[in-house]
Structure formats: C-alpha cells, structure tokens
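Colleague: I would like a close look at a single part of this model, taken slowly and with its surroundings kept in view.

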Amino acid sequence: MARPRCSKIWAFIAAATFLIFIIAITTLSLTIFNPKQPNFTVQVAGLENFHFNWTLPYNITLHNTLKAVVTVDNPNYVGLEYWNSKVYLHYRGDVIAEAPMDHKLIPARSKVNGTMEIEVYTDKLISNPSFWGDLSTGWLNLTSTETLHGKIIVMKILKMHATVSNMCNIPIFMRTQEIKLTCKSRIRL
C-alpha cells in the first residue's frame, strides 16, 4: 500500500520541479536573454583645430579634430567585452574619418564613459558635392558604423563570442556644436 502513495509523491515532486523549471526559463528569456538597445550619448569636448580658409582661386583648407566623450548606458543583464576595433565616420556615403576603439569591458546594467578623438579626412569631405550646400545650412549629417568583436558575459558565468554591429546617425549643428545622436545596435552570437 505504501508503494502507490510513494510513486504519487515522486510524480508530484517531478511535476512541480518541471513547472518551476519552465517558469524560470520563461522569466529568464523575457528579462536576461531579451537584449535591449544600449543608449549612446555624446558630449562634445570640443572641435579642435577647426580652420577654414577660403581664398581665390580655389585655395580651400579645412582641418578638424573632433573630441568627444561617448557614454554607453547598458540596460541589459549581459555585459560585453570587446577587443580593439575602429569606428568609421561617413558623410553621404564616403568614409571621411576613422577612430580607434581600444579594448574595453562594458559591465551589465552600467554606464561607461570613453573618449574619442576623430581626425577628419578633409580632402574627402570637401570633395563631396553636397558639402558646400550642407555647410551653408549649418548642418552636417554624418553616420558612424562600427563592428565590435568580443564576448558576451552573462551573470559572470556564461561567456559567448559575439559580434555587435552599431550604426549611429549624427547630425552636427556647426554654429553651436550641438550633436544629436541616435543609434541602433545588433548582436549576433
């Protein structure tokens, strides 16, 4: 008589364990394993070496070094460690600048600041036919792209290789040096 009752208890324990496991997996998939878009903000530390000379006939010099502090707000429960990479700055389809990105760890649910110094290739910028029209309006619409190769760290236990692609639209208002940054990221495991 004790045997059927014992097997019912073990069946109940197995069902409860299975139910708890399903609830835990569902909760984790809706929170930890569901990545959110990181928030990027840029505070311009300054436009240095901005020299613009225009003398006739067609003697134009333009040199620009953009220094910025980039803040990454990671709302995810997953951290990212990436290795050396480069950011490419585009103006209407042409690559006009490169900036190195050193090895960095972005912990889960944290904010990380990083400084960047971007040297703009002025000859490519000036040779674009849309440059003079955009300069007269005071706006330069730039796009940055980067691909980060690294590893994702889940709760400091699980580490997986990943590639993060990031694309940002960067309109710059030249008169006030105001930058509005909107970014989209994509993670591939």
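Colleague: Which residue stands opposite Glu178 in β10? Please set the answer in the context of the strands around it.

Modeller: This is a predicted model, and everything that follows should be read with that in mind. The residue that stands opposite Glu178 in β10 is Phe173. The strand pairing here is between β9 and β10, the latter covering residues 178-179, and the two run antiparallel, joined by 2 bridges. They form a hairpin with 4 residues between the strands, and within this hairpin Gln177 takes a positive phi near 60°. As a general point of backbone geometry, most residues other than glycine have a negative phi.

Strand β9 has further partners. Over 16 bridges, β9 (residues 158-173) pairs in the antiparallel sense with β8 (residues 139-154), and within that pairing Thr145 has Met167 of β9 as its bridge partner. These two strands also make a hairpin, with 3 residues between them, and the turn contains Met155, whose phi is positive at about 55°. The pairing of β9 with β11 (residues 182-188) is likewise antiparallel and extends over 7 bridges; here Val164 is matched with Ile187 in β11.

Positive phi values also occur in loops elsewhere in the chain. Arg92, in the loop between β4 (85-91) and β5 (94-101), has a phi near 50°, a positive value in a residue other than glycine. Arg109, for its part, is placed in the loop between β6 (104-106) and β7 (110-120), and its phi is positive too, at about 50°, although Arg109 is not a glycine.

The enclosed space brings us back to the strands discussed above. Counting those of 30 Å³ or more, the model has 2 cavities, and the largest cavity holds about 90 Å³ of space. Its lining is made up of 11 residues, of which Asn64, Val120, Leu140, Leu142 and Ile172 are the closest to its centre. Two or more residues of this lining come from each of β2 (59-74) and β8, the second of these being the strand that pairs with β9 over 16 bridges. In character, the lining of the largest cavity divides into 10 nonpolar residues and 1 polar residue, with no charged residue among them.

To return to the part you asked about, the pair to look at is Phe173 and Glu178, with Gln177 and its positive phi in the hairpin of β9 and β10.

Notes: Residues are numbered from 1 along each chain as its sequence is written. This is a predicted model: local features need pLDDT of at least 70, side-chain atom pairs count only at pLDDT 80 or more; totals for chains, interfaces and linings use all residues. Side-chain values use heavy atoms; hydrogens and water are left out. Two strands pair if DSSP finds at least two bridges between them. On a 1 Å grid over the protein atoms alone, a cavity is a set of points where a 1.4 Å probe fits but cannot get out, and a pocket is an open set with protein on both sides within 12 Å along at least five of seven lines; lining residues have an atom within 4 Å of a point. Grid points are joined across faces, edges and corners, and a volume is the space filled by probe spheres set on the points. Ala, Val, Leu, Ile, Met, Phe, Trp, Tyr, Cys and Pro count as nonpolar, Asp, Glu, Lys and Arg as charged, and the others, Gly among them, as polar.
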